Amino acid sequence: MAKITNDFFDQVYQVVRLIPKGRVTSYGAIAVYLGAKSSSRVVGYAMNAAHTQKEYVPAHRVLNRNGQLTGKHHFETPFLMQELLEKEKIKVINDTVQNFDKYFWDPTEELKL
DNA sequence: GTAATGACCTTGG
DNA sequence: ACCAAGGCCATTA
């Protein structure tokens with residue numbers, strides 16, 4: 001399936017894999033990094049197809065702008081996402097990451113195109 | 001080919 | 001300050 005969007009998806013997956021351990025980011029940040037800030041939804045959609053990729057994608061490190069685990073329900077188990085985040089020493093309360101701004105990992109700042 | 005949906009974000013009242 | 005609606009882009013039915 002050589003589609004045009006495949007490239008965009010691949011970019012998203014690459015960025016997500018580049019997220020350091022114990023760090024999180026938002027869909028919008030990735031969208032901005034890819035130059036499609038308006039396509040924040042597409043980033044989330046890419047995550048939806050993330051589990052279809054060969055390589056594992058740490059989608060649990062990708063949250064919305066509010067720091068909420070909106071996509072936890074899309075994981076194999078709703079608890080898996082929070083479990084993984086807690087393993088990264090990240091406190092998750094009520095499906096929300098604490099100190100989100102502190103753990104926030106901005107690709108545009110770190111990768112600095 | 002058209003219509004509806006979605007792991008979102010921004011702006012208006 | 002809080003609540004509601006629209007917009008953007010790609011995928012699926």
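## Close-up views of the DNA surface and the largest pocket

**View 1. Thr 70 meets the DNA backbone.** In this predicted model, an N or O atom in the Thr 70 side chain sits 3.2 Å from a phosphate oxygen of DNA strand B. The elements that give two or more residues to the surface near this strand are α2 (27-33) and α3 (40-48).

**View 2. His 74 and Ser 40 also face DNA strand B.** The His 74 side chain places an N or O atom 2.5 Å from a phosphate oxygen of DNA strand B. Ser 40 reaches a base instead: a polar atom of its side chain is 3.4 Å from a base oxygen of the strand.

**View 3. The surface around DNA strand B involves 14 residues**. Coming nearest are Tyr 27, Arg 41, Met 47, Arg 65 and His 74. On the DNA side, sugar and phosphate make up 46% of the strand B atoms that come within 4 Å of the protein. Helix α3 supplies the largest share of this surface, with 5 residues. By class, the surface holds 8 polar, 4 nonpolar and 2 charged residues.

**View 4. The largest pocket holds about 440 Å³ of space**. Its lining counts 20 residues. Closest to the pocket centre are Met 47, His 51, Ala 59, His 74 and Phe 75. Two of these names, Met 47 and His 74, also appear among the residues that come nearest to DNA strand B.

**View 5. Helices α3 and α4 (78-87) each give two or more residues to the pocket lining**. The largest share, 3 residues, is from α3. The lining divides into 10 nonpolar, 7 polar and 3 charged residues.

Methods: Residues are numbered from 1 along each chain as its sequence is written. Chains are lettered from A and ligands numbered from 1 in the order in which they are written. This is a predicted model: local features need pLDDT of at least 70, side-chain atom pairs count only at pLDDT 80 or more; totals for chains, interfaces and linings use all residues. Side-chain values use heavy atoms; hydrogens and water are left out. A residue is near a molecule or strand if one of its heavy atoms lies within 4 Å of it. A polar contact is a pair of N or O atoms within 3.5 Å; within protein, one must be able to donate a hydrogen and the other to accept it, and residues adjacent in sequence count only if both atoms are side-chain atoms. Helices (H or I, at least four residues) and strands (E, at least two) are DSSP runs, numbered from the N terminus. Ala, Val, Leu, Ile, Met, Phe, Trp, Tyr, Cys and Pro count as nonpolar, Asp, Glu, Lys and Arg as charged, and the others, Gly among them, as polar. On a 1 Å grid over the protein atoms alone, a cavity is a set of points where a 1.4 Å probe fits but cannot get out, and a pocket is an open set with protein on both sides within 12 Å along at least five of seven lines; lining residues have an atom within 4 Å of a point. Grid points are joined across faces, edges and corners, and a volume is the space filled by probe spheres set on the points.
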